[in-house]
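Colleague: I would like to go through some of the labels used for this model and hear what each rests on.

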Amino acid sequence: MTEDRSKDGEEVRHLTAEELQAIEEEFDPELRFRKLARPLALTTGAVLFLLSCYHFYTAGFGIPQATVHRGLHLGLTLLVVFLSFSAFGKQEHVSSGRAPFGLPLLDWVLAIAGIISALYVPWIYSELAFRVGNPLPIDVVMGTILIVVLLEAVRRSMGWPLPVIALLFIAYAYFGQAMPGILIHPGASWSNIVNHLYLTSQGIYGTALGVIATYVFHFVLFGVMATRIGLGQLFIDIASALAGRYAGGPAKVSVLSSALLGSISGSSIANTVTTGALTIPAMIRVGYPRHFAAAVEAAASTGGQITPPVMGAVAFLMIEYLGVPLTTILTAALVPAFMHFFGVLVQVHLEARRLGLRGLSADELPNAWKVLKAGWLSVLPLVILVAVLLSGRTPFAAAFYSITACILVLAIQQVQASGLADGLKGTVTGIVEGFILGAKQSLSVTAAAALVGVVIGIVTLTGVGFKIAYMVTSIAQGWATSLHDTLAFLPFELMTVASLTLLFTLILTAIVCILMGCGIPTTANYIIMVAVAAPILGMLGVQPMVAHYFVFYYGVLADVTPPVAMAAYAGAGIAGANAFKAGNTAFRLSMGKALVPFVFAFQPALLLVTDGFTWEAFALAFSGAILGIWVLASAVSSWLFAPLYWFERIVLVFAAILLVAPNLTSTAIGLLLVVPIALRQLIPKWRGPTTA
């Protein structure tokens, strides 16, 4: 750890690599791997390496039958999960003096049971058509074992929330006759539940696991390999060179670098730690409060999950659910992602103006030309990835070519640095380590996707999704009617009952998404909410792509929403700040991500590729959102062009709400509210200083 001083002379801590890793592991349970004895570590590493090799090969040369492919991926994953994660979430050191190879006997039983039960369905695949609907006793036993193993695997690698939700859904399916009101259903026997979840493509072996095994694994591996060749560091250096000189420069570097790094990384916490190690101490040094520095990095880093082309793996799930090309998904993500980073950047700028903060000096900044000249080769794999995706080839083909490019770039870098012999040796080491780490980072998301398949299977078995949709829309319509009647005294109609119903439904859906996201990873949260919440919006005529993006964005927002704002807490650990204060500030900085989904729900043109798109509608929605985000940022920062009075801040909040509403009348009213406040601040500046 090194020390530095802030603007006020306060000590600024620069954490070591070990301290940063400890912070990442503290707030991300998916990285709490236990330390294995050497023989078992080598064996586990070999399995992980072979798993990556298998996926690298299938990406380039074809994927076997879907159930076989998914079963093999799941089986090897469960084997390694019980070798890598302890039963109590601790990074215990496993010595060779304990049970077989240093592991408790229960872990071996679960690991073996997991791989056998996962591979059982592919093994009987040729007979599956005759077993579905009429399972043999051995089928029920194997299915029961896999469900139990999955619950424990996810509990170990991610914690309790998702297993508890899965158990509640299973209980709902079994005890259907005891449910109240509209939720009642005939109930299903355990044999029927296992049959649906285990032997059909509607449960464990369904779309969620398929997307992880077919797309997501490859892009996790690409992100790891791209980082190893220096692409992440290049992004940080480029961001520093471009934005560091301006007022509050380190915070602007944080936003830009997190946006760039987010294009290859889907983890908010990993992004926070990687870029925050450099940007958070720099922000504190120029004068930002510690909690604000942590919040900036967390808010910017969560934007990585909505940044094309990877989008935290959700882009590939959308392909399957929506049945549209990846280019359509990525195009739709462009404007909302820009809005999020714009919202954070505006608040960072206003805070810098309010506090009178400087930018970084020329001596503190890298030279953009020198950075590009030294590291341009590391950009090549990302260029290839985007080019292949845009060409219309499959995502896994794009991953294959981009990973291959990473390997070639790694070889060139190693040979240039160490000569031919040592360079080749370093290349092999880099490939092996990268492939092991890539597979390791996919373990928890694979287990979670398989368990989410249980939840999705119960939804399709019982039809509970549409029942929940009916309940929510009925509540929202009741509220809308009451509010509409209350506002009947106005000389004009502010919103119709239908619009108010949609508004209340969106608010309820957003709350549920945030609550679910507090304990569930983004990918798993998105899959569940698509099954449960998307039908709610569909009943009100919301286009499928709009509904999917809405639930996705609010699921991501959970990473900076207290009380479980893990990305913000990781940033607070680096900054030495109050975690809850950092979480509250990070949520405030993410207002763009919170506002924009409501804008595109009412005006889908903001997503560019929805039905009925017109440039006129897009221009109105885009300009209103930009102005609304800026005005709301001014209100919460207490600074527009100069300090604001308290009543001006209240007026600006109302103006911002009117501005983001995609309606010409409301936008005009919002502007009329802002203009007097802006003129009150600008006219003295235009007149210049007065003399006595």
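Modeller: This is a predicted model. One place to begin is the second largest pocket, where α22 (497–517), α28 (591–602), α30 (646–660) and α31 (664–687) each supply at least two residues of the lining. α22 gives the largest share, seven residues.

Colleague: What is the volume of the second largest pocket, and which residues are closest to its centre?

Modeller: The volume is about 1,100 Å³. The lining has 36 residues, and M495, L503, I657, L658 and A661 are the closest to the centre.

Colleague: How do the residues of that lining divide into nonpolar, polar and charged?

Modeller: There are 30 nonpolar residues, five polar and one charged. Ala, Leu, Ile and Met are among the types that count as nonpolar, so M495, L503, I657, L658 and A661, the residues closest to the centre, belong to the nonpolar class.

Colleague: Why is W646 called exposed?

Modeller: The relative accessible area of W646 is 64%. The label needs a value over 50%, so W646 is exposed.

Colleague: Where is W646 found, and which nonpolar patch does W646 help to form?

Modeller: W646 is found in helix α30. On the surface, W646 forms a nonpolar patch with Y645, F647, I650, F654, I669 and L673, and their accessible area together is about 750 Å². Two or more residues of the patch come from each of α30 and α31, and α30 gives the most, with four.

Colleague: What makes W646 eligible for a patch by its accessible area?

Modeller: Patch residues need over 30% relative accessible area; W646 has 64%, so W646 meets that cut-off.

Definitions and conventions. Residues numbered from 1 in each chain as written. Predicted model: local features only at pLDDT ≥ 70, side-chain atom pairs only at ≥ 80, totals over all residues. Heavy atoms only, no water. 1 Å grid on protein atoms, 1.4 Å probe; cavity = no way out; pocket = protein on both sides within 12 Å on 5 of 7 lines; lining within 4 Å. Points joined across faces, edges and corners; volume = space filled by probe spheres on them. Patch = residues over 30% accessible without salt bridge, like charges linked within 9 Å, V, L, I, M, F, W, Y side chains within 5 Å. Areas by Shrake-Rupley, 256 points an atom, 1.4 Å probe, with all protein chains shown as cover. Salt bridge = Lys/Arg side-chain N within 4 Å of Asp/Glu carboxyl O. Buried < 20%, exposed > 50% of the residue type's maximum accessible area, 1.4 Å probe, protein only.
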